[in-house]
Amino acid sequence: MSLCSDALMVLFYDIEGDSRDHDAWHSHEHFRERLSVPGFLRATRWVAAGPGPEFMVTYEVDSVDVATSGAYLDRLNDPSDWTKSMMPRFRGMVRGFCHVVAGAGLGLGHVAAVVRFAPEAGQGGALFDRLRDDVLPGLAARRGMAGAHLLRPAPPPPMTREQALRGTDRPLPALLIATAYDAAALDQAVRALLPPEALQATGAEPPAEILTYTIAHTATAAEARPGG
């Protein structure tokens, strides 16, 4: 999963009712708004291919400091009418900024496996070391795979008017995101290298979640600018 930077904002959520108008809002207004904020580099909407939140959205940013930048907070504190109508329909929002701890592989595949986990107290170092040194290279080396990255959450971003419209967000856990061009190969790789019992044996609190997503839409800041 080649990234544009070493920091991301990641969101997981469901939408109440028909999600097609959400998709239109997200692609035609929200992407352009976010990518117009300095520091936002690429936006990608993923749709669940199995159990779990319906949507995962990743925003690659040049630094986690974007979370508290004036331009970003001004945008979130002045939601459009369309955004105001959408926010109350969000359910179960998990949102936060994170640092990219390590990565392996090449490129971005169309299907992703996402491990959401929390290290046990005092076990974070050993768990992240094992994932960085053994699991990421093992995932990237398998045929059918693209890239894989390990993400550590940053402190939660501040409350804004936009967030208040949907309710308080849950904090982002630690993440491992692996992508592939072959969905069957991704499934096999996850089963071989990321069984939940192995994560727990290395220091992850139970239960660790493994979710699967496919890309619905991706765009870059350069495309979103006038004339892009």
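Mentor: A disulfide is a pair of cysteine sulfur atoms within 2.5 Å. Keep that cut-off in mind, and remember that this is a predicted model.

Trainee: How many disulfides does the structure hold?
Mentor: Take Cys-4, which is in no disulfide. The nearest cysteine sulfur, that of Cys-98, is 14 Å away. Seen from Cys-98, that distance to Cys-4 is too far for a bond. The number of disulfides in the structure is 0.

Trainee: Is Cys-98 buried or exposed?
Mentor: Buried means under 20% relative accessible area. Cys-98 has 1% relative accessibility, so this residue counts as buried.

Trainee: And where does Cys-4 fall, by relative accessibility?
Mentor: Exposed means over 50%, and buried means under 20%. Cys-4 is at 43%, so the class is partly exposed.

Trainee: Which residue forms a salt bridge with Asp-21?
Mentor: The closest N and O atoms of the pair are 2.7 Å apart. Asp-21 lies in helix α1, and its partner sits in the loop between α3 and β4. The partner is Arg-89.

Trainee: How many residues apart in sequence are the parts tied together by Asp-21 and Arg-89?
Mentor: Helix α1 covers residues 20-35, and α3 covers 81-86. Asp-21 is in that helix and Arg-89 is in the loop after α3, so the pair ties together parts separated in sequence by 68 residues.

Trainee: Which residue meets Glu-162 in a salt bridge at 4.0 Å, N to O?
Mentor: Look in helix α5, residues 161-166. The two residues are 4 apart there, so about one helical turn separates them. Glu-162 is buried at 4%, and its partner is buried at 15%. That partner is Arg-166.

Trainee: What links Glu-162 and Arg-166 with Glu-33, Arg-34, Arg-75, Arg-95 and Asp-169?
Mentor: Glu-162 and Arg-166 meet directly, side chain to side chain. Together with the other five named residues, they belong to a network of salt bridges.

Trainee: Which residue in β8 stands opposite His-149?
Mentor: Strand β6 spans residues 145-153, and β8 spans 174-180. The two run antiparallel, joined by 5 bridges. Opposite His-149 stands Ile-177.

Trainee: What is the bridge partner of His-99 in β6?
Mentor: His-99 falls within β4, residues 90-105. Strands β4 and β6 pair in the antiparallel sense over 7 bridges. The partner in β6 is Arg-152.

Trainee: Which residue's backbone nitrogen does the side chain of Thr-179 reach?
Mentor: Thr-179 lies in β8. This residue is buried, at 0% relative accessible area. Its side chain makes the contact at 2.9 Å, and the backbone nitrogen belongs to Gly-109.

Note on methods:
Residues are numbered from 1 along each chain as its sequence is written. This is a predicted model: local features need pLDDT of at least 70, side-chain atom pairs count only at pLDDT 80 or more; totals for chains, interfaces and linings use all residues. Side-chain values use heavy atoms; hydrogens and water are left out. Buried means under 20% relative accessible area, exposed over 50%, partly exposed in between (1.4 Å probe, protein chains only). A polar contact is a pair of N or O atoms within 3.5 Å; within protein, one must be able to donate a hydrogen and the other to accept it, and residues adjacent in sequence count only if both atoms are side-chain atoms. Two strands pair if DSSP finds at least two bridges between them.
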